[in-house]
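I set out to look up a few local features of this model and to note them one at a time, beginning with the ring systems.

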Amino acid sequence: MHKFILTLLLFMGFAQMASAQREFANLELPLRQPEDLVSVADDNGNVCLYFYQNNKLHFTLVSPEGEVLAKHEIPYRWNRDPQVLGTRVTDTDFIFYSRYENGRRDYVRPFAINRNTGAFRSLQDVELDKERNTYFVGGFGDDEHFYMLYTDRKDRLHLYRSSDSPEGLAKMERQIFEPNLPETRTKDTRLMDLVYVHPDMEQTVVAGYHSGKIYSRDGNIYIIFDGQSLKDLSRKEATTEILALNWETGKATYRTLPALEQRNEPSFNSFLFRDTLFRLQLDRDKLNLTAYNFNNLEPVKTYTFSGDQEIAIKSTPVYQRGMRGLFASDVDTVKQTSKVMKKLAEGLPAITVNAFTDSTIQLTIGSYDPPGDRNSASDMSRMVRTPDQYYRTSRGLMMIPGRWVPAYNIPSYYLNSPYYSRYFYDPYGQGGGRPSGPGTSTYFRAVLDDNTLAKADNGTNELVQDKVDKFEQELKSEPDYKTVYRYGNKLHYGYYDRKSKTFRIMEFAPGN
């Protein structure tokens, strides 16, 4: 009888694991030390993987059944990283757009993989028509266009957009915008922390904590800044700024949300999802979430929780990642209600919003505390972890975890610079007593009704992003290389499996 019960429990456990995820593909990829790892899927279920390694471009096209349709290993003609900045899915191709610099000249260099046959094309380079003294800000792609953004000494924005003409997918048109933004107390701070938000980006606080976010919709570009210290506001106040760049008219428009009190550290952040702009304000004794109609900026729903009050919109516990040591789990659960608000406010406010069902939306709410500055003392015998490489472009949020290397492999001007040093995981050079590592994420997830924004009953269904997080935590060793991308209403988690020496792609779906 006991054996029967044990067998039944084991069977139920395996059945539960099987329902949580399934293996989509198991690929033989020669991953050694890739400089980049990009994944993109189309509406038909095809997946294209790209990485750059040892001066070669590697492409793999995978069918909806997880079978390899085509593989390419192509020598790159220049000994420099192609700088893939964005991707697009056209009617016929997956297109990877890269930027190439040669002195003062900038070129767009695209590669294309046919979605059906897997045939590779290296498209003709196109030189950008640049003015002197312009500076590159970033590049990104959506379903319709690829964009490159520059600025100049007059604070104008030079926006380049791929042409719709069939003769050249990399032919770039230009519009120059004069946004005439209010002055900030520190010059050029708005463009220092910009990230492009794609609907398929990973739903983490690491993806959502940036103070500036770029959105593309209906042929327009929206840039939303949070918490900038404006000269026309008091030092204790800040606001959310919305800059719209209309491509057809070449005009820029500027709007703001009501100002909020802000102390020394940023206390609020926002995220635009469809026609709703969500603004999260976090303090040690208060959490405020307000949803605004993006068209008229009128508030449509507000949630406020203070002190030891239970956060009623939570659909998950409050998780904290990145606080433990090297040989222990880095995930903890904040169980005491009295500590929840304080823990959430320990980092930079962060919010992301997405939908995996037709009736609900999923919010990730919390904060991200980046690694602290390192001690400038240089011990060349110590091991240093190179930065986790996050690519926040049209590919979603892709990451290659850093690798442990001797400190002398990292130039001293990087290790000792207050600006660059925070990007290196250096526990032996850690100063100030702050947590070492890739940073601390504190967050919970909320499921709201798509129409009313009231809390939705998710029943016993586990959220798809939580399934991915749990799977990653249960891996016995941290993957050397991984990527997460949207696959219809599902998520794919691809990682390099050290045991099998293959690249496994696991599929996670909403529901039980």
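I began with tyrosine 303, which at 16% relative accessibility counts as buried, because the cut-off for that class is under 20% relative accessible area. I kept in mind throughout that this is a predicted model.

Next I looked up phenylalanine 305, which is likewise listed as buried, with a relative accessible area of 6%. I then asked how the rings of tyrosine 303 and phenylalanine 305 are arranged. Their centres are 6.5 Å apart and their planes stand at 10°, so I entered the pair as stacked.

I noted that the structure holds 25 aromatic pairs. Another of these that I looked up joins tyrosine 50 and phenylalanine 59, whose ring centres are 5.2 Å apart and whose planes are at 40°, so this pair is tilted. For tyrosine 50 I found a relative accessibility of 0%, which makes the residue buried, and for phenylalanine 59 a relative accessible area of 1%, which also counts as buried. Tyrosine 50 and phenylalanine 59 belong to one aromatic cluster, and I listed Tyr52, Tyr76, Phe96, Phe111 and Phe120 as further members of that cluster.

Staying with rings, I looked for charged groups over their faces. Arginine 255 lies over the face of phenylalanine 294, at 5.1 Å from the ring centre, and arginine 279 lies over the face of phenylalanine 268, at 5.4 Å from the ring centre.

I turned to the strands and asked in which order the strands of the open four-stranded sheet follow one another. The order is E11-E12-E13-E14, and the pairing is antiparallel. The edges are formed by strand E11 (134-141) and strand E14 (172-177), each of which pairs on one side only. Neighbouring strands of this sheet are turned against each other by 20° on average, with direction ignored.

Within that sheet I looked more closely at strand E12 (residues 146-152) and strand E13 (residues 157-162), which run antiparallel and are joined by five bridges. I traced methionine 148 to its bridge partner in E13, which is tyrosine 160.

My last entry concerns glutamine 362, which lies in strand E28 (residues 360-369). Is glutamine 362 buried or exposed? At 6% relative accessibility, glutamine 362 counts as buried. Leaving aside neighbours within four places in sequence, I recorded contacts of glutamine 362 with Thr352, Val353, Asn354 and Phe356, and also with Arg445, Ala446, Leu463 and Gln465.

Conventions. Residues numbered from 1 in each chain as written. Predicted model: local features only at pLDDT ≥ 70, side-chain atom pairs only at ≥ 80, totals over all residues. Heavy atoms only, no water. Helix = DSSP H or I, 4+ residues; strand = E, 2+ residues; numbered from the N terminus. Buried < 20%, exposed > 50% of the residue type's maximum accessible area, 1.4 Å probe, protein only. Contact = heavy atoms within 4.5 Å. Pairing = 2+ DSSP bridges. Axes fitted to C-alpha atoms, helices over the stretch in contact; angles between N-to-C directions. Phe/Tyr/Trp six-rings, centres within 6.5 Å; stacked < 30°, edge-to-face > 60°. Lys NZ or Arg CZ within 6 Å of the ring centre and 35° of its normal.
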